[in-house]
Amino acid sequence: MSLSVDIHKRLGDFSLDVAFETNGGVLGLLGASGCGKSMTLKCIAGIQRPDRGRIVLDGRILFDSDRHIDLPPQRRGVGYLFQSYALFPNMTVRQNILCALRGRKDRRARAEELVGLMQLDGLEEHRPCQLSGGQQQRAALARLLAPEPIVILLDEPFSALDDHLRERVERETRAVLDACGRDAVLVTHSRDEAFRLTRDLVVMEQGRCVERGATQALFHRPRTLAAARLTGCKNFSRLRPLGGCLAEALDWGVVLRGPEPVPPGAAWVGVRAHDFRPAQGPGENHLPVLAEERREDPFEWNILFSPALGARERIWWKVSKQTGPAQAPY
């Protein structure tokens, strides 16, 4: 599957201006609520019309403002899974699937095939109110897969699930995509979902794509402040390059040496909360700190420090209870 999106849309004071391409697998759109992720999906699906731009799926033009092409949703080859799943409440699981297969001679056989694929055997006559959250999602996936879409659009599909269900349903969804051989675009504001489920990632902020790339590479080395924040980095300082591998972290009052030369134009340094280590004394990349706050989570300690030299930015340290001290450090 190849998907090319280059669109602009304005709604009131909000402006969506996104451009990206994908070549198979699961592409993630990661961003805070209100940044335009869901609107982007709706434009791809044909639910909303961009003001201008172009959307091409596997060489077929879905939308082109210059050529006045705007295919209706049912002709786009796109399956859309809403956050609420949008199952018809007065229909059974089987009826929900069959309604997406109108006009097909093999509709009943196809419906039974999807019931098996989604592990919904025994639930065919249940209505949505009789299903768990995970079962509702599998029923919704079965319905959208019924007409065999080219690409599946997943709009925060796990946000309605309890924590103890979320990771299991994530695994099941990934297994379904692999089993049916379908590519997908996943909208999420969860860095963990993005890391576990996507191969490539687009980071969005205020209606724009601020960074894109392979998911693991982007998590390992984000190039923008927005991408670093959204992938979970908590500690930032303004940066002043000093030449070579050296730079001054202005908000921490310390000179740092990196593993390679500081990139041209670098303005910030970020350190993830799990990457600090206790020091035995002064030395390179050592930062004197004062502990301000300690908080215990089920499996780790969260310690908030202030730089001892009086710099303004606080520093967040997360340390596992398994590998760290048995009692709250510091």
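A pocket is an open set of grid points with protein on both sides within 12 Å along at least five of seven lines, and its lining residues have an atom within 4 Å of a point. The model used in these exercises is predicted.

**Exercise 1. Describe the second largest pocket: its lining, its volume and its sources.**

Step 1. Take the lining. The second largest pocket is lined by 17 residues. Val-78, Gly-79, Tyr-80, Leu-144 and Pro-147 lie nearest its centre.

Step 2. Find the elements. β7 (78-81) and α4 (133-145) give two or more residues each to this lining. The largest share, 4 residues, comes from β7.

Step 3. Sort by class. The lining has 13 nonpolar, 3 polar and 1 charged residues.

Step 4. Add the volume. The second largest pocket has about 480 Å³.

**Exercise 2. Do the same for the largest pocket.**

Step 1. Start with the volume, which is about 1800 Å³.

Step 2. Count the lining. It holds 48 residues. Nearest the centre are Trp-252, Leu-256, Val-269, Gly-270 and Val-271.

Step 3. Trace the elements. Two helices to check are α7 (215-220) and α8 (225-230), each supplying at least two lining residues. The strands β12 (235-243), β14 (254-257), β15 (268-271) and β18 (315-320) each do so too. β15 gives the largest share, with 4 residues.

Step 4. Sort by class. The residues divide into 33 nonpolar, 8 polar and 7 charged.

**Exercise 3. Locate the enclosed space in the structure and list what lines it.**

Step 1. Recall the principle. Rolling a probe the size of a water molecule over the atoms shows where empty space is left.

Step 2. Count. The structure holds 1 cavity of 30 Å³ or more. The largest cavity has a volume of about 40 Å³.

Step 3. List the lining. The residues are Val-26, Leu-154, Phe-158, Thr-173, Arg-174, Leu-177, Leu-186 and Leu-197.

Step 4. Name the main contributor. Helix α5 (residues 163-180) gives the most, with 3 residues.

Step 5. Sort by class. There are 6 nonpolar, 1 polar and 1 charged residues in this lining.

**Exercise 4. Work out how β13 pairs with β12 and with β14.**

Step 1. Take β12 and β13. They pair in the antiparallel sense over 4 bridges. Gly-243 has Leu-246 of β13 as its bridge partner.

Step 2. Inspect their hairpin. It has 2 residues between the strands. Gly-244 takes a positive phi near 65° there.

Step 3. Move on to β13 and β14. This pair is also antiparallel, over 4 bridges. Ala-249 stands opposite Val-254 in β14.

Step 4. Inspect the second hairpin. Here 4 residues lie between the strands, and Gly-253 takes a positive phi near 65°.

Step 5. Read the faces of β13 (residues 246-249). The side chains alternate. Ala-247 and Ala-249 point to one face and are buried. Leu-246 and Glu-248 point to the other face and are not buried.

**Exercise 5. Is Ile-61 buried or exposed, and which residues does it touch?**

Step 1. Place the residue. Ile-61 is in strand β5 (residues 60-64).

Step 2. Apply the cut-off. Buried means under 20% relative accessible area. Ile-61 has 17%, so it is buried.

Step 3. List the contacts, leaving out residues up to four places away in sequence. Ile-61 touches Arg-54, Ile-55, Val-56, Arg-67, Ile-69 and Leu-71.

Step 4. Check one distance. Ile-61 and Leu-71 are 10 residues apart along the chain. Their C-alpha atoms are separated by 8.2 Å.

**Exercise 6. Classify His-68 and Ala-86 by accessibility, and note their phi values.**

Step 1. Take His-68. It lies in the loop between β5 and β6 (69-70). Phi is positive, about 60°, although His-68 is not a glycine.

Step 2. Classify His-68. Exposed means over 50%. His-68 is at 68% relative accessibility, so it counts as exposed.

Step 3. Take Ala-86. It lies in the loop between β7 and α2 (93-98). Phi of Ala-86 is near 55°, a positive value in a residue other than glycine.

Step 4. Classify Ala-86. At 34% relative accessibility, Ala-86 counts as partly exposed.

**Exercise 7. Summarise the whole protein.**

Step 1. Count elements. The protein has 8 helices and 18 strands.

Step 2. Give the extent. The C-alpha atoms fill a box of roughly 75 × 50 × 35 Å along the principal axes.

Step 3. Give the burial. Of 330 residues, 44% count as buried.

Step 4. Give the surface. The accessible surface comes to about 17100 Å², of which 49% belongs to carbon and sulfur atoms.

Step 5. Give the contact range. Among contacts between residues at least 6 apart in sequence, 57% join residues at least 24 apart.

Definitions and conventions:
Residues are numbered from 1 along each chain as its sequence is written. This is a predicted model: local features need pLDDT of at least 70, side-chain atom pairs count only at pLDDT 80 or more; totals for chains, interfaces and linings use all residues. Side-chain values use heavy atoms; hydrogens and water are left out. On a 1 Å grid over the protein atoms alone, a cavity is a set of points where a 1.4 Å probe fits but cannot get out, and a pocket is an open set with protein on both sides within 12 Å along at least five of seven lines; lining residues have an atom within 4 Å of a point. Grid points are joined across faces, edges and corners, and a volume is the space filled by probe spheres set on the points. Ala, Val, Leu, Ile, Met, Phe, Trp, Tyr, Cys and Pro count as nonpolar, Asp, Glu, Lys and Arg as charged, and the others, Gly among them, as polar. Buried means under 20% relative accessible area, exposed over 50%, partly exposed in between (1.4 Å probe, protein chains only). Contact means heavy atoms within 4.5 Å. Accessible areas come from the Shrake-Rupley method with a 1.4 Å probe; for residues, only the protein chains shown count as cover. Two strands pair if DSSP finds at least two bridges between them.
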